[in-house]
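Please open the model in your viewer and keep the selection tool at hand. The tour below goes from stop to stop, telling you what to select and what you will find there.

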Amino acid sequence: MLASFKQLFSRGSIEDFVADVRSKVSEDSKVLTQGDPNFAEANERWTDIDRKTPAVIVQPVSEHDVAVLVKAAHEAKLPFVPATGGHSPWSTIEDGIVIDLSKFKDVCVDANQHKVAVRGGVLMKELQIALSEKYQFTTVANGNTVGAIPYMIGGGISSYTPLIGYACENILSARIIVANGDVLLASETENPDLLWAIRGAGQFFGLVTELVLRTHDPSLMGPDGVRQLGTIFYPTARALEICNVLKNIVSANDHASAGHFMVMKDPDKGRILMVAAQYFGTGPELHATFKPLIESKPLDYLHQESTFEKHSDHLAWMCPKGEFKRFSQTGLTSINPDNFSRLVDLHKELLETLPGTERSVFTIEWHTKTPDHGPRETETSLGLKNIDTWLNILTWYTDPSIHEEVLRFDKRAQEIMRTDTNEDAFVSYTNTSRSDPISHRYKDAAAVAKLKELKRRWDPEGCFTKELL
């Protein structure tokens, strides 16, 4: 087991170690200790759940600096974690080192070759802006402040999956720093097995500093690169009815759409159901496809158009740092209206039982079938190509004393939505869960065996977590 920072420095002073690190990284890199006036701000995260206090936060400005830090920490047997947007539960550490990539970032778009190089701590909104300027798009998350690289190497479920697959299916090559500090290229011709592992499990093999991604013409989304958003509201008493109608629309596979069917509490309307459809086509086509819902006497219906650059702007209210937020995703075999109706009841119980959880949202996310050609032909370690429906649970509260009770509601939500599903079909998403059995996250036994063999080759000591060892 790696020594803790405090244990290590029973053999020497923290000041000496920090001085040594500062002598090895670039002048513009920051090395922050707990007494530094900028330390507390640097340690802020999207959620305060399990937020730990590291001994040192290092903010490198180059790939070379990152490699120096990884090598130094490994040689000293110091635990460390990388951090980008601060959303990941695994980007915080007690007493060890946080390698904060927020000052090392770059996006280089080659529209002619339909490629983009994403480096360091680029956030989702930054990637969207850079691609939009060159009239390109790729798979992105629903959150402007999510770190692009961690999201992509862990799979990358997206509203654009029906068009271009998961984010990991669009990874063309990567640069990764392994435990000894070496910087490796992983491509189809150099370390191809490592590239395969990075496409869905990259966080377990090293610190990925660069991804080259496949990009696409926004006209795939609709005329002029515009997608259609249809938002429809209903009372919660209609959960079973509306879910049945939605299931029939999505199952028809005669169009390309993605979206969320959620139960939430509106500040003005109280608890409501919301269908948030993202349709790839024209406004009239959206209306024709979702007509059974739009004309079913909803509380309200809103239609608007959106570009790739503004993909997640409507979710900015979810992005502020702090408070107690947890987001989990669970793969589902299908949309089950009976189960969803029970989920709506559970949401009501959560809000009534635990005051302060009113911003919690329970959601079914759907994607219509992704075409078999193009990015979907890419072999990845993630797999999960047949999962088109997900349970998304956002719990949000301000009182840390209710954490365990909230977590039990999260688990009950999973149990409800997995009713009548055999355990061998359970699916967890590795970007939001590492506590479930690995067979829930990676469904192909041969792929798991290959990942374990590659882990023994590239990270036998478990420098980048003990997963797969």
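The crossing of helix 9 and helix 12 is right-handed, and this pair is a good place to begin, bearing in mind throughout that the model is predicted.

**First stop: two helices**

Select residues 239–251, which form helix 9, together with residues 337–353, which form helix 12; their axes come within 9 Å and cross at roughly 140 degrees. Helix 9 and helix 12 are therefore oblique to each other. To see where they touch, show the side chains of A239, L240, C243, N244 and K247 in helix 9, which meet P337, D338, F340, S341 and V344 in helix 12. Sorted by class, this contact of helix 9 with helix 12 has 6 nonpolar, 2 polar and 2 charged residues.

**Second stop: the loop after helix 12**

Now select S360, which you will find in the loop between helix 12 and strand 15 (361–367). Is S360 buried or exposed? S360 has a relative accessible area of 1%, so it is buried. If you leave aside its neighbours within four places in sequence, you can display the residues with which S360 is in contact, namely V263, M264, H347, L350, L394, T395 and W396. For a distance to draw in the viewer, join the C-alpha atoms of S360 and I335, which are 25 residues apart in sequence and 21 Å apart in space.

**Third stop: salt bridges**

The structure holds 18 salt bridges, and a few of them can be visited one by one. Select R175 and E63, which form a salt bridge whose closest N and O atoms are 2.6 Å apart. Because R175 lies in strand 7 (residues 171–177) and E63 in helix 4 (residues 63–75), the pair ties together parts that are 112 residues apart in sequence. R175 is partly exposed, with a relative accessible area of 29%, whereas E63, at 19% relative accessibility, counts as buried.

Go next to D313 and K125, which form a salt bridge with their closest N and O atoms 2.9 Å apart. D313 is in the loop between strand 13 (300–306) and strand 14 (324–332) and K125 is in helix 5 (residues 124–133), so this pair ties together parts that are 188 residues apart in sequence. D313 is partly exposed, its relative accessible area being 33%.

Then select K455 and D459, which form a salt bridge with 2.7 Å between the closest N and O atoms, and note that both K455 and D459 are buried. Finally, display D106, R119 and E210, which are joined into one network by salt bridges that share partners.

**Fourth stop: helix 5 and what it packs against**

Return to helix 5 and show M124, K125, L127, Q128, A130 and L131, which are buried. The buried residues of helix 5 pack against strand 5 (105–110), strand 6 (115–120) and helix 6 (148–153). Just where helix 5 has ended, select Y135, which follows the helix and whose phi is positive, near 55 degrees.

**Last stop: I149**

What surrounds I149, once its neighbours within four places in sequence are left aside? I149, whose place is in helix 6, is in contact with V118, R119, G120, V208, T209, E210 and L211. At 3% relative accessibility, I149 counts as buried. To finish, draw the line between the C-alpha atoms of I149 and T84, which are 65 residues apart in sequence and 8.4 Å apart in space.

Note on methods: Residues numbered from 1 in each chain as written. Predicted model: local features only at pLDDT ≥ 70, side-chain atom pairs only at ≥ 80, totals over all residues. Heavy atoms only, no water. Axes fitted to C-alpha atoms, helices over the stretch in contact; angles between N-to-C directions. Helix = DSSP H or I, 4+ residues; strand = E, 2+ residues; numbered from the N terminus. Parallel < 35°, antiparallel > 145°, perpendicular 65-115°, else oblique. Left-handed = near helix turned anticlockwise from the far one by under 90°. Contact = heavy atoms within 4.5 Å. Nonpolar A, V, L, I, M, F, W, Y, C, P; charged D, E, K, R; others polar. Salt bridge = Lys/Arg side-chain N within 4 Å of Asp/Glu carboxyl O. Buried < 20%, exposed > 50% of the residue type's maximum accessible area, 1.4 Å probe, protein only.
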